Amino acid sequence: MYRNDTVYYPKDEMTTVLLPVTSGCSYNKCAFCSMYKDDKYCEVSFSDIKMQLLNIYKYTERVFLTGADPMSIGFDKMMELLEMIHYYLPYCACVASYASIKNISKYSVEELSILHDAGLRMLYIGFETGSDDILKLMNKNHTVNEAIKQAKKLNKAKIPFNSIIMYGMAGKGKSIDNAVATAKMINQFNTTRVITMNLTIFEGTELNNMVKRGDYISSDKKERLVEIRTLLENFEPKKLMIFDTTHPTNIVKIKGTLKQDRGRLIDEITKYIQK
C-alpha cells in the first residue's frame, strides 16, 4: 500500500510537494534495481489523491508525482489528475514526474502536448545507456532507437525532461565504448539536463547474482572517472544542456552547462583521474 512505501524522488525535487500516484513499478524487472522489488504495483485511487490535494497548501507552485512511473496510468487518467491538481492548486505552474521509455511510448505526440498544456512540465527519464547490448544485459525493456524516438516525441510536444544515465553499467573494460554510445544517443535529441548516477550493485538484484556467478565484472573507480570524461568529450548538444553529477551515488560532484563549461568540467575530472 502506497502509504507505507519508501518514497523516491530526484534531488532537485527535495523541497517540492510530493503527491502519490502509483505504488511499486509497473515493470520491475531491471537487473540492477532493488527499489521496488517487494512492492506490488498499483494505482493510488483518485479519492485518495483528492484527500491529499485537500491538505496541500493552496498556493503551492510545484508538485512532484511519486511512484516509479506515474505515466503508467495512461492519458485519460493523467489528464484527469492534472485537472484535479489545477482545481485544488490553482497556482501550481509545474507538475513533474518520473517516466519510463516504455510508458511514454503509449502516448501520442498530440496527447503529450495536451498534457504539457495542462501542466506537465518536467519528466525524469531513465535512459541509463546508449548501448543496446547493455540495455539487454540489464533487462531495461527498451532499445536505443526506441529511447531516441520517445525523446523526440517529447521534444515535439514541448515537454522538458532530464535524462538519467548510469556510468559503470557496461562493466570492466567497456566504459569508454559505453560513454561514446551514450553521448551519441543523447546528441539525437534535446534534454534539459543529463543527470549521472554511479552504478551500485545491491543485494537481491539479478545484477548481484550475475556478479556472484562471474558473469559480470565491475569497472573500478578510475575507469568510471574516465567514462565521465569521455561523456563530456563526446556530448554535442544543439541547445544549452546541464551536465550534473551531484546525485549522492556519484564518486565526483561536478555541474555545469554544455558546451560553455566543457573545458572546466573536463579539467576537474582529469584532476580526479590523476590523483
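Biologist: In which sense do strand 7 and strand 8 pair?

Modeller: In this predicted model, six bridges join strand 7 to strand 8. Strands (E, at least two residues) and helices (H or I, at least four) are DSSP runs numbered from the N terminus, and two strands pair if DSSP finds at least two bridges between them. The sense in which strand 7 and strand 8 pair is parallel.

Biologist: What is left out of the side-chain values?

Modeller: Residues are numbered from 1 along each chain as its sequence is written, and in this predicted model local features need pLDDT of at least 70, side-chain atom pairs count only at pLDDT 80 or more, and totals for chains, interfaces and linings use all residues. Side-chain values use heavy atoms, leaving out hydrogens and water.

Biologist: Which residue of strand 8 is the bridge partner of M166?

Modeller: Strand 7 covers residues 161–167, and strand 8 covers residues 193–198. Between these two parallel strands, the partner of M166 in strand 8 is M197.

Biologist: Which residue of strand 7 is the bridge partner of Y124?

Modeller: Strand 6 (residues 120–128) also runs parallel to strand 7, and five bridges connect the two. In strand 7, Y124 is matched with N162.

Biologist: Which strands form the edges of the open sheet?

Modeller: The sheet has eight strands in the order 1-4-5-6-7-8-9-10, with mixed pairing. Its two edge strands each pair on one side only. They are strand 1 and strand 10.

Biologist: How many residues of strand 8 are buried?

Modeller: Buried means under 20% relative accessible area, exposed over 50%, and partly exposed in between (1.4 Å probe, protein chains only). The side chains of R193, I195 and M197 point one way from strand 8, those of V194, T196 and N198 point the other way, and all are buried. Strand 8 is thus mostly covered, the number of buried residues being six of six.

Biologist: Which residue meets R193 in a salt bridge at 3.1 Å, and how far apart in sequence are the two?

Modeller: A salt bridge is a side-chain nitrogen of Lys or Arg within 4 Å of a carboxyl oxygen of Asp or Glu, and the structure holds 14 of them. R193 is buried at 12% relative accessibility, whereas its partner D12 is partly exposed at 30%. D12 lies in the segment before strand 1 and R193 in strand 8, so the pair ties together parts of the chain distant in sequence. The partner is D12, and the separation is 181 residues.

Biologist: Which residue is linked with D12 and R193 in a network of salt bridges?

Modeller: The contact between R193 and D12 has an N to O distance of 3.1 Å. It belongs to a network of salt bridges whose further member is D244.

Biologist: What is the N to O distance between R213 and D215?

Modeller: R213 is partly exposed, at 49% relative accessibility. Its side chain meets that of D215 in a salt bridge, and the N to O distance is 2.8 Å.

Biologist: Why does C42 form no disulfide, and how far is its sulfur from the closest cysteine sulfur?

Modeller: A disulfide is a pair of cysteine sulfur atoms within 2.5 Å, and the structure holds zero of them. C42 is partly exposed at 29% relative accessibility. Its closest cysteine sulfur belongs to C25, which is too far for a bond because the distance is 12 Å.

Biologist: Which cysteine has the sulfur nearest to that of C94?

Modeller: C94 is in no disulfide. It is buried, at 11% relative accessibility. The nearest cysteine sulfur is 6.9 Å away and belongs to C92.

Biologist: What is the omega of the cis peptide bond between L258 and K259?

Modeller: K259 is placed in the loop between strand 10 and helix 10 (262–274). The peptide bond joining L258 to K259 is cis, with an omega of about 15 degrees.

Biologist: Near what value is the phi of N28?

Modeller: N28 is in the loop between strand 2 (22–23) and strand 3 (42–43), and its relative accessible area of 22% makes it partly exposed. Its phi is positive, although the residue is other than glycine, and lies near 60 degrees.

Biologist: Near what value is the phi of N139?

Modeller: The loop between helix 5 (132–137) and helix 6 (144–157) contains N139, which is partly exposed at 36% relative accessibility. N139 is a residue other than glycine with a positive phi, near 55 degrees.
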